[in-house]
Amino acid sequence: MEDIFRNYEETISRKHSIGFTPKYKEEFRTFVNETLFIAIAEKAFEKLGWDVVYKDDHSIEAKYKETSWMSNRWTEIITAQYNNNNVLVKSESLGNEIWDNGKNSKRVKLFIYAYQETLKTFNIQALKDLEKEIEKKNNWDDYVIPETLPQPRPTKTPNITLPIIGGICISLIIGFLVAYLSVKGLYFIGLFEFLVATALVFVMKYLIKFSNYTNINKLLYLLGGMTVLTYVSSEYLQYEIILNTNNLERIGFWNFLKIQFSNGFTVNKINTGWIGWIVIWIVQLGLTGIFIYFRLVVALTKYVLERVPPEVVDFTYYHLIKDKSEEEIRAELSKKGWSDVQHQNEAFEAIAGHQNVITLNRVK
């Protein structure tokens, strides 16, 4: 952050916000159009040292990062939205706090000051030049079409068979580990769901790579089935471990579940009854599912970006910007050696992957 803004920040009077998601908003007017507003707001964010995570024709978002020897995390997301020369600036807390100690008001007021100070550095001619520069950048007018592109790497035909087989195997293995630790009384709610999700996605990451299968909807269904199989097999394996460890007679898995229900689920010496088991199973599936979703999106995005050279992604995106149809873009790719339909599909998926990165960065 530049000294002028650091000094101004110290003079700002805080306005405290309390809520499940503390936030603060303020509005001001500007005489520039939306194109110039976004450009100048981005420069203001850069001067403040905040991370721009998203922008479109009418709004821009940045996150403030708190850095210390103990932590390095985003703590607020600041959004500036343009509407007919009116700008609404909002700062919202990230994390689990319910009191922001006035930090959101400081972010909003500091941004407004930084924007106005940045705007002052441009005269009328400089604003016209900036607008032309932004339009050229948005339209990719300076992009030079390369004579050649890196040739596609050998690739496999996408096949979901390997992820299914591998998914079943790893689910049973993890189910055994969960069962064993549960019987030993080492199960911790929240931690184990996170570890189960991490292990499932870690293995799935390599199964995706070996099979070249990237259909996220079907992979999510598969991982959902793997999650259910993990916990169902865990219950059954607990039954087997208890019987074998204590040399008990077989009573049947269904009867084992009935006994569990009749004894109830105990937390801190408090018996929550049969409903406790229902709640814990719902929590297990729900938490694991949430962790899996975000980890899968990250792993899949990384893979689809890795398998296509950046030059090919830029080439494909340039033709999209120029409003060419999919058939026309495929024809252009073919001229550069990317004639295989699967390779062309991978180029389009890489562009979608870049959009996923933006979406992930915007997550609150």
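This report walks through a buried serine, some aromatic rings and a pocket in a predicted model.

## Ser17 and its surroundings

Let's start with Ser17. You'll find Ser17 in the loop that runs between helix H1 (3-9) and strand S1 (23-29). Its relative accessible area is 11%, and the cut-off for buried is under 20%, so Ser17 counts as buried.

What does the side chain of Ser17 have beside it? A polar atom of that side chain lies 3.0 Å from the backbone oxygen of Lys23. If we skip the neighbours within four places in sequence, Ser17 is in contact with Pro22, Lys23 and Tyr24, and also with Ile98, Trp99 and Asp100. Lys23 therefore turns up twice in this part of the story, through its backbone oxygen and as a contact of the buried Ser17.

## Rings that pair up

How many aromatic pairs does the structure hold? There are 17. Take Phe37 and Tyr82: their ring centres are 5.6 Å apart, with 35 degrees between the planes, and the pair is tilted. Phe37 belongs to helix H2 (residues 34-48) and Tyr82 to strand S4 (residues 72-83), so this pair ties together parts that are 45 residues apart in sequence. Both Phe37 and Tyr82 are buried.

Now look at Tyr293 and Phe294. Here the ring centres are 5.4 Å apart and the planes meet at 80 degrees; the cut-off for edge-to-face is over 60 degrees, so this pair is edge-to-face. Are these two buried or partly exposed? Tyr293 is partly exposed, at 41% relative accessible area, and Phe294 is partly exposed too, at 38%.

## A cluster of rings

Phe37 and Tyr82 also belong to a cluster linked by ring pairs. The other members are Phe28, Phe45, Trp50, Tyr64, Phe111 and Tyr115.

One of these rings has a charge for company. The charged end of Arg107 sits over the ring of Tyr64, 3.7 Å from the ring's centre.

## The largest pocket

Finally, some empty space. How do you find it? Rolling a probe the size of a water molecule over the atoms shows where space is left empty. The largest pocket has a volume of about 1,000 Å³.

Which residues lie nearest the centre of this pocket? They are Lys55, Asn138, Trp140, Tyr317 and Ile358, out of 25 residues that line the largest pocket. Several elements each supply at least two residues of the lining: H2, strand S2 (51-55), helix H4 (124-138), helix H10 (310-321) and helix H12 (341-362). We met H2 earlier, as the helix that holds Phe37.

Definitions and conventions:
Residues numbered from 1 in each chain as written. Predicted model: local features only at pLDDT ≥ 70, side-chain atom pairs only at ≥ 80, totals over all residues. Heavy atoms only, no water. Helix = DSSP H or I, 4+ residues; strand = E, 2+ residues; numbered from the N terminus. Buried < 20%, exposed > 50% of the residue type's maximum accessible area, 1.4 Å probe, protein only. Polar contact = N/O pair within 3.5 Å; in protein donor to acceptor, adjacent residues only side chain to side chain. Contact = heavy atoms within 4.5 Å. Phe/Tyr/Trp six-rings, centres within 6.5 Å; stacked < 30°, edge-to-face > 60°. Lys NZ or Arg CZ within 6 Å of the ring centre and 35° of its normal. 1 Å grid on protein atoms, 1.4 Å probe; cavity = no way out; pocket = protein on both sides within 12 Å on 5 of 7 lines; lining within 4 Å. Points joined across faces, edges and corners; volume = space filled by probe spheres on them.
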